[in-house]
Amino acid sequence: MLHKSITPLAKTWLKAAILFVLVLLIRFIQLYPQWIEEYYSITFFQKIAELLRLLAGWVPFSAGDILYAMAIIWLLIKIILLLRKKFSRNGFLQGLGVLVSRILLIYIIFNFLWGLNYYRLGISYQLQLQPDSYNITDLKELTSLIINKANAARRSIGNNSFSYTSNKEIFEEAQQCYKAANNKYPFLAYKNRSVKSSLYGKLGNYMGFLGYYNPFTGEAQLNVTPPSFILPYTTCHEIAHQIGYASEGEANFVGYLAAKESQEKLFQYSLYFDLYTYANKALFVRDSIAAIKNNSLLDTLVLTDMKAYRKFVDSYKNPLEPIITRFYGSYLKANNQPKGVRSYNDIVAWLIAYKKKYGDI
């Protein structure tokens, strides 16, 4: 009798209340990174991620991109219907309750499938590295080392043509990088490859992204429209997300650990080309003269590639990109990355810590 007396409005908000309690439980769990590391990231998440990659990996296109498109269309239809509908007070509260419940449910699923990785101990715990503060001497030594490696890798290619004939080859080689890295670091195991070309590559150029991970399908999507020397290291970065390294700084560093294992010239060049941009940018903040001088030490072929990439990026500049970047930065801050989009630059501290411990990068 009591159950029958509950109105539809009360049922809706009761569901929302239950989901809210689950959200509070998730927020409580996020306070315990050791527990997340041991019981979620390196155990439960790995099984879930492998299953998702197995289910979506065989699809020749990005299933996640289709899912996103369907979600956006569904949302637009719901908004239009909502605006056209006349609500009573109870009807409005009912609709609001349904909306709140769905938002809370998406948050719960997101954390179940992926989001808790933002709160793990991560690669610093696994490698016993302390990527803390560094000085100007550390930066100059790092940039000098990267310049030498970037120049050598570019010269080994020999000219402006790159050997890979398809994106699939790059994706396959990235998987081989992780297999090699796994021999050194058991926690970098990567099974069931699911790396796809993004269906929104051109759009991504206007929005400023090179790749992204879909936590609902386990796929890594790559924007394959930029110059080809950008793709290898970016692929390794996105695979790092697939195996549980959520923060952008960590994904950059794990991508480095994998990419440097490649014997392929393009992968070596892609890696050190990207690392140079991060390291020299950090140096520029502290010593702009030294950073500018570093550019003169780059091989002419590297400088040519740098100009080509800058021209590519500039060709897609638009007023919307800074807004999207700000929005994404807010998303990162909300997920335990207080530096926002500057979290990518944490790779510099990781590299210096790694160099101090192992003597080279």
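This report describes the overall build of one predicted protein chain and then one of its helices.

## Overall build

The chain contains 16 helices and 3 strands. Its radius of gyration is 23 Å, and the globule rule gives 21 Å for 361 residues; the two values are close, so the chain is as compact as a globular protein of that length. Measured out along the principal axes, the C-alpha trace spans about 80 × 40 × 40 Å.

Contacts in the chain can be sorted by how far apart the partners sit in the sequence. Of the contacts with a separation of 6 or more, 79% join residues 24 or more positions apart.

## Surface and charge

Of the 361 residues in the chain, 46% are buried. The exposed area of the chain is about 19100 Å², and 65% of that area comes from carbon and sulfur atoms.

The charged side chains divide into 40 positive and 24 negative ones. The centre of the positive set and the centre of the negative set are 10 Å apart.

## Helix α8

Helix α8 covers residues 167-184, which is 18 residues. From its first C-alpha to its last, helix α8 reaches 27 Å, close to the 26 Å expected at 1.5 Å a residue.

Eight positions need no separate description here beyond their names: the buried residues of α8 are Ile-170, Phe-171, Glu-173, Ala-174, Gln-175, Cys-177, Tyr-178 and Ala-181. The cover over these buried residues includes two strands, β1 (195-197) and β3 (220-222). Helices also take part in this cover, among them α10 (231-242), α11 (248-259) and α12 (265-286).

Methods: Residues are numbered from 1 along each chain as its sequence is written. This is a predicted model: local features need pLDDT of at least 70, side-chain atom pairs count only at pLDDT 80 or more; totals for chains, interfaces and linings use all residues. Side-chain values use heavy atoms; hydrogens and water are left out. Helices (H or I, at least four residues) and strands (E, at least two) are DSSP runs, numbered from the N terminus. The radius of gyration is taken over C-alpha atoms; the globule rule is 2.2 Å times the number of residues to the power 0.38. Buried means under 20% relative accessible area, exposed over 50%, partly exposed in between (1.4 Å probe, protein chains only). Contact means heavy atoms within 4.5 Å. Accessible areas come from the Shrake-Rupley method with a 1.4 Å probe; for residues, only the protein chains shown count as cover. Lys and Arg count as positive and Asp and Glu as negative; His and the chain ends are not counted. The place of a charge is taken as NZ of Lys, CZ of Arg, CG of Asp or CD of Glu. The expected span of a helix is 1.5 Å times one less than its number of residues.
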